[in-house]
Amino acid sequence: MSTIIETKNLTKKYGSFVAVDGVSFHLEKGQVLGVIGPNGSGKTTLFSMLLGLRKKTSGEMRVFDQENLDGIRNKMGIIMDQGAFYNDFSAHKNLTISAMTKGVDLSRVTELIDKVDLRQAGKRTFNKFSYGMRKRLEIADALLTDPELVIMDEPTNGLDPDGIRFIRELIFHLQEQGKTIMLSSHYLDEIEKVCTHFLMLRNGKVVFYGSKEEIKAQNLDLESIFSTKF
Ligand code: ADP
Ligand code: MG
């Protein structure tokens, strides 16, 4: 097995407030890790540290066996609900600009537009996109570099059932391709369907960490674990 992410006692304080409190886990190649917890439990803060967007306060963190994210950014596809696109450009034009910035072959652009079902958007500009379309463009952008690791912070938040199904199928598809995935959610049933491993957070602390198999072996399900922890 090859370890893609490893943290030990990873901690983030905002002033004296501890948002992520001694979190330890490891993510191995091909796993799908679901980070579960209510609003304010530290999911986004954890992801931001892994992505180098926020500095840790203490503890250890390695991504692709590096402490520093220089040179590995193209191995990571990030979907964090803050895609920055040009309002008056189409999906194709936006992705083309991004591909050029990332040094990605432009043939990927059309391929990904098809993959995320945005072909029919044609010349429609980003400011006229629905929320679901914006999300799908963000996904296409994150996949441009064909990343080994895909990190998604609450990818299904605010999506309709079709959008949620799209994300679920995307995750299965990425997993088939051997990608490693980490995503967060507060929808238990959704995350239970797609993940191989679970990390449950409460007030920044890990209250459960284990695999789907371990849960099954104990005749439990995610809901019953969640209800004992919260
Ligand atoms: P989640 O993504 O699980 O909803 P967050 O990581 O966004 O949780 O937030 C965890 C806690 O840290 C919350 O109590 C939130 O208010 C606090 N927090 C997040 N960002 C900041 C910040 N920039 N400054 C101070 N507190 C913050
Ligand atoms: Mg969040």
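These are my notebook entries on the two domains of this predicted model and on some of its salt bridges.

**Entry: the domains**

I began with how the protein chain is divided. Domain 1 takes in three stretches, 1–64, 149–159 and 179–230, while domain 2 is the single run 74–147. I then looked up how far apart the two sit: their centres, taken over C-alpha atoms, are separated by 26 Å.

**Entry: where the domains touch**

Next I asked myself how many residues of each domain are in contact with the other. I found 19 in domain 1 and 13 in domain 2. About 1,200 Å² of area is buried between the domains, and carbon and sulfur atoms give 65% of this area. I also looked for the main contributors on the domain 1 side. Leu-51, Phe-64 and Leu-149 supply 31% of what domain 1 buries against domain 2, more than any other three residues.

Polar links came next. I noted 8 residue pairs in polar contact between domain 1 and domain 2, counting pairs with both residues at pLDDT 80 or more. On the side of domain 1 that touches domain 2, helix 1 (43–50) and strand 6 (149–152) each supply at least two residues. I sorted the residues of that side by type and got 12 nonpolar, 4 polar and 3 charged.

**Entry: the salt bridge between the domains**

How many salt bridges are there between domain 1 and domain 2? The count is 1. In the pair I looked up, the side chains of Asp-146 and Lys-179 meet with N and O 2.8 Å apart. I traced both partners along the chain and found that the pair links distant parts, 33 residues apart. Lys-179 lies in the loop between helix 5 (161–176) and strand 7 (180–185), and Asp-146 lies in the loop between helix 4 (131–143) and strand 6.

Is Lys-179 buried or exposed? Lys-179 has a relative accessible area of 11%, so I put it down as buried, because buried means under 20%. Its partner Asp-146, at 44% relative accessibility, counts as partly exposed.

**Entry: a neighbour in the same loop**

While I was at the loop between helix 4 and strand 6, I also looked up Thr-145, which is found there. The side chain of Thr-145 reaches the backbone oxygen of Asn-74 at 2.9 Å. Setting aside neighbours within four places in sequence, I found Thr-145 in contact with Asn-74, Lys-102 and Val-104.

**Entry: other salt bridges**

I then turned to the full tally, which comes to 11 salt bridges. Two more pairs went into my notes.

The first is Asp-65 with Arg-62, whose closest N and O atoms are 3.3 Å apart. Asp-65 is exposed, with a relative accessible area of 57%, whereas Arg-62 is partly exposed at 30%. Which residues are linked in a network of salt bridges here? I wrote down Arg-62, Asp-65 and Glu-67.

The second is Arg-165 with Asp-162, with closest N and O atoms 3.0 Å apart. I wondered where these two sit relative to each other. They are 3 residues apart in helix 5, so about one helical turn separates them. Arg-165 counts as partly exposed, at 38% relative accessibility.

Note on methods
Residues are numbered from 1 along each chain as its sequence is written. Chains are lettered from A and ligands numbered from 1 in the order in which they are written. This is a predicted model: local features need pLDDT of at least 70, side-chain atom pairs count only at pLDDT 80 or more; totals for chains, interfaces and linings use all residues. Side-chain values use heavy atoms; hydrogens and water are left out. Domain bounds come from an automatic or database domain assignment. Contact means heavy atoms within 4.5 Å. Buried area is the accessible area (1.4 Å probe) that two parts lose on being put together, summed over both. A salt bridge is a side-chain nitrogen of Lys or Arg within 4 Å of a carboxyl oxygen of Asp or Glu. A polar contact is a pair of N or O atoms within 3.5 Å; within protein, one must be able to donate a hydrogen and the other to accept it, and residues adjacent in sequence count only if both atoms are side-chain atoms. Helices (H or I, at least four residues) and strands (E, at least two) are DSSP runs, numbered from the N terminus. Ala, Val, Leu, Ile, Met, Phe, Trp, Tyr, Cys and Pro count as nonpolar, Asp, Glu, Lys and Arg as charged, and the others, Gly among them, as polar. Buried means under 20% relative accessible area, exposed over 50%, partly exposed in between (1.4 Å probe, protein chains only).
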